[in-house]
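Okay, thanks for coming, everyone. I'll put the structure up and then talk you through a few spots in it.

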Amino acid sequence: MAENAEGDLNSNLLHAPYHTGDPQLDTAIGQWLRWDKNPKTKEQIENLLRNGMNKELRDRLCCRMTFGTAGLRSAMGAGFCYINDLTVIQSTQGMYKYLERCFSNFKQRGFVVGYDTRGQVTSSCSSQRLAKLTAAVLLAKDVPVYLFSRYVPTPFVPYAVQELKAVAGVMITASHNRKEDNGYKVYWENGAQITSPHDKEILKCIEECVEPWNGSWNDNLVDTSPLKRDPLQDICRRYMEDLKKICFYRELNSKTTLKFVHTSFHGVGHDYVQLAFQVFGFKPPIPVPEQKDPDPDFSTVKCPNPEEGESVLELSLRLAEKENARIVLATDPDADRLAVAELQENGDWKVFTGNELAALFGWWMFDCWKKNKSRNADVKNIYMLATTVSSKILKAIALKEGFHFEETLPGFKWIGSRIKDLLENGKEVLFAFEESIGFLCGTSVLDKDGVSAAVVVAEMASYLETMNITLKQQLIKVYEKYGYHISKTSYFLCYDPTTIKSIFERLRNFDSPKEYPKFCGTCAILHIRDVTTGYDSSQPNKKSVLPVSKNSQMITFSFQNGCVATLRTSGTEPKIKYYAEMCASPDQSDTALLEEELKKLIEALIENFLEPWKNGLTWRSV
């Protein structure tokens, strides 16, 4: 009897009007409990309500996700600012509304949906389920949906959007983020991630249709609707066929004695990298058995980000030593990024940074173009691209070789959109990258692609092996020819947005109001570019050439000693990142001196501009 009484009390509590003393919160609680049909996430909100956890309820229900550098990304769980069934339905309803406005032929061309292997039992939330709900919202509105029947690498979605001439696509992934996160990555009809103004307009449309429509929860539609198609076999076949465009030494690959180890970091990459190696004529790479199959807990790594280096590559490096394999290739969980390690003569492993790999890719793609170009091909028609926080090595190669180099804002969405423009104007783009191990060889996909990058590295290494040259030795040759570019990238964790803002505002009002610093320690500053405000002291009109990006913080300092350093906030994580690079001319070959100068500058940058001790910043743990 008492039990029933308590049950009735709880039931009344949950269905009565809510009186938390905050009308906005009361409304949000009511909406959540009416709209959410996922028992697990509904229960999370009910428990918080029952226990009077108003602050947490407010944090979860009184704000919404916004588009960062990689779409919507947040922790899985209950609440309007988290990734869950309801917020994915709302986001897709907003997408539908916006796409219907933009494309009169939306219902003829359709929409692509892919997903990775993430999941969270406590929220009954998995990438596959979220993909099905995304498809259901659109199928209920008579939109044809190309829903992959199994997990795919992220680059397969933008590739499919272009190949199938769909109006847009979504990939459910949080890439290399911690296991608690998931995301909703949106691609436009051009095959590139959405940029402004689409992101703002979609968010407006989401706000206009937050209540789930009839049919939006009906995920059975993915099994019953004649409008659902599975593009997996067709897209996989076309993608592998297109890979041949960037394969230049297939016969040599088939004979190589080099062995490769590949880890897919508990994600989607294994099958696809195996297929890519086959296309290039290689024997299959040796997989890391413990990391080969999908595991949403990423149970053998402390974080599923291969960029963290040797500490997370432990299993693959030990396997490579056992198998006598000199090169380790690591794709991140959604296989859009690539880390590479090479065994050195002294028995140590060299884990290449994104900037070092880009120097190798830039050299390789241009060398292959030169050797295979038609007689009337013009080097002035060739382009390479990088984000502005990445190494300037491609700029140095371009200046010497005569092709074009361009910079974009951070985030591959800007690179993808710019490549599309260049291609439409008859230009040829060989390579593009961002320093966080995101690479694009060729232009079959307009997003970073770890699958194609892995197999191109394997071909480059096999080619160099015929001349007894290692990847590291070739990197030194590239630097000797085009100038050493020594860079260091790292970050601090900061969970307080107010602190982050005050750090950057202090730099804008350093010695006096509206005055940027003139020195960093003893290093004189030559120019300052602030993309957040649109200021650039190096331009005659003092306006930044790169588009203004008000929603994120980013300031770049050019120093008199040839160093360039950028401080910026991450678009996907609670981080303040710093990027510093010493760009030397080919006649400056004293690397120890250059490294010492860079080290001093970074120390001054951290001490004078970031003040981690004063601001309570947490150093990146290695």
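Let's begin with a pair of helices. Helix H15, residues 354-372, and helix H19, residues 471-482, have axes that come within 10 Å and cross at roughly 75°. That crossing angle makes H15 roughly perpendicular to H19. Keep in mind as we go that this is a predicted model.

So who is touching whom there? From H15 you have Asn 355, Glu 356, Ala 359, Leu 360 and Trp 363, and from H19 you have Leu 471, Gln 474, Leu 475, Val 478 and Tyr 479. If you sort the residues of that H15 and H19 contact by character, you get seven nonpolar, two polar and one charged.

Now zoom out to the domains. The domain assignment splits the chain into domain 1 (23-236), domain 2 (247-371 + 378-481) and domain 3 (484-619). Notice that domain 2 is written as two stretches. The C-alpha centres of domain 2 and domain 3 lie 27 Å apart, and their contact takes 18 residues from domain 2 and 17 residues from domain 3.

Next up, empty space. Rolling a probe the size of a water molecule over the atoms shows where there's space left. How many cavities of 30 Å³ or more does a search of the whole structure find? Three.

The largest cavity holds about 90 Å³ of space. Its lining is made of 14 residues, and Val 389, Ser 390, Val 564, Tyr 579 and Glu 581 are the ones nearest its centre. Where does this largest cavity sit relative to the domains? Domain 2 and domain 3 both give residues to the lining, so the cavity lies between them. On the strand side, S18 (485-493), S23 (563-569) and S24 (575-583) each supply at least two residues of that lining. As for character, the lining of the largest cavity divides into four nonpolar, seven polar and three charged residues.

The second largest cavity comes in at about 70 Å³. Here's the cast lining it: Arg 64, Met 65, Leu 72, Phe 80, Thr 87, Gln 90, Ser 91, Leu 203 and Ile 206. Two helices, H5 (85-102) and H9 (198-208), each supply at least two residues of the lining. Which of the elements gives the most to it? That's H5, with three residues. This lining divides into five nonpolar, three polar and one charged.

Last thing, a couple of backbone oddities. As background, most peptide bonds are trans, and most residues other than glycine have a negative phi. With that in mind, look at Ser 196 and Pro 197, which are joined by a cis peptide bond with omega at about 5°. Pro 197 is in the loop between strand S7 (181-188) and H9, and H9 is one of the helices we just met at the second largest cavity.

The other one to look at is Ile 437, a residue other than glycine with a positive phi, near 50°. You'll find Ile 437 in the loop between strand S16 (428-434) and strand S17 (438-441).

That's my tour, and I'm happy to go back to any of those spots.

Terms used:
Residues are numbered from 1 along each chain as its sequence is written. This is a predicted model: local features need pLDDT of at least 70, side-chain atom pairs count only at pLDDT 80 or more; totals for chains, interfaces and linings use all residues. Side-chain values use heavy atoms; hydrogens and water are left out. On a 1 Å grid over the protein atoms alone, a cavity is a set of points where a 1.4 Å probe fits but cannot get out, and a pocket is an open set with protein on both sides within 12 Å along at least five of seven lines; lining residues have an atom within 4 Å of a point. Grid points are joined across faces, edges and corners, and a volume is the space filled by probe spheres set on the points. Helices (H or I, at least four residues) and strands (E, at least two) are DSSP runs, numbered from the N terminus. Ala, Val, Leu, Ile, Met, Phe, Trp, Tyr, Cys and Pro count as nonpolar, Asp, Glu, Lys and Arg as charged, and the others, Gly among them, as polar. Domain bounds come from an automatic or database domain assignment. Axes are lines fitted to C-alpha atoms, for helices over the stretch in contact, and angles run from 0 to 180 degrees between N-to-C directions. Angles under 35 degrees count as roughly parallel, over 145 as roughly antiparallel, 65 to 115 as roughly perpendicular and the rest as oblique. Contact means heavy atoms within 4.5 Å.
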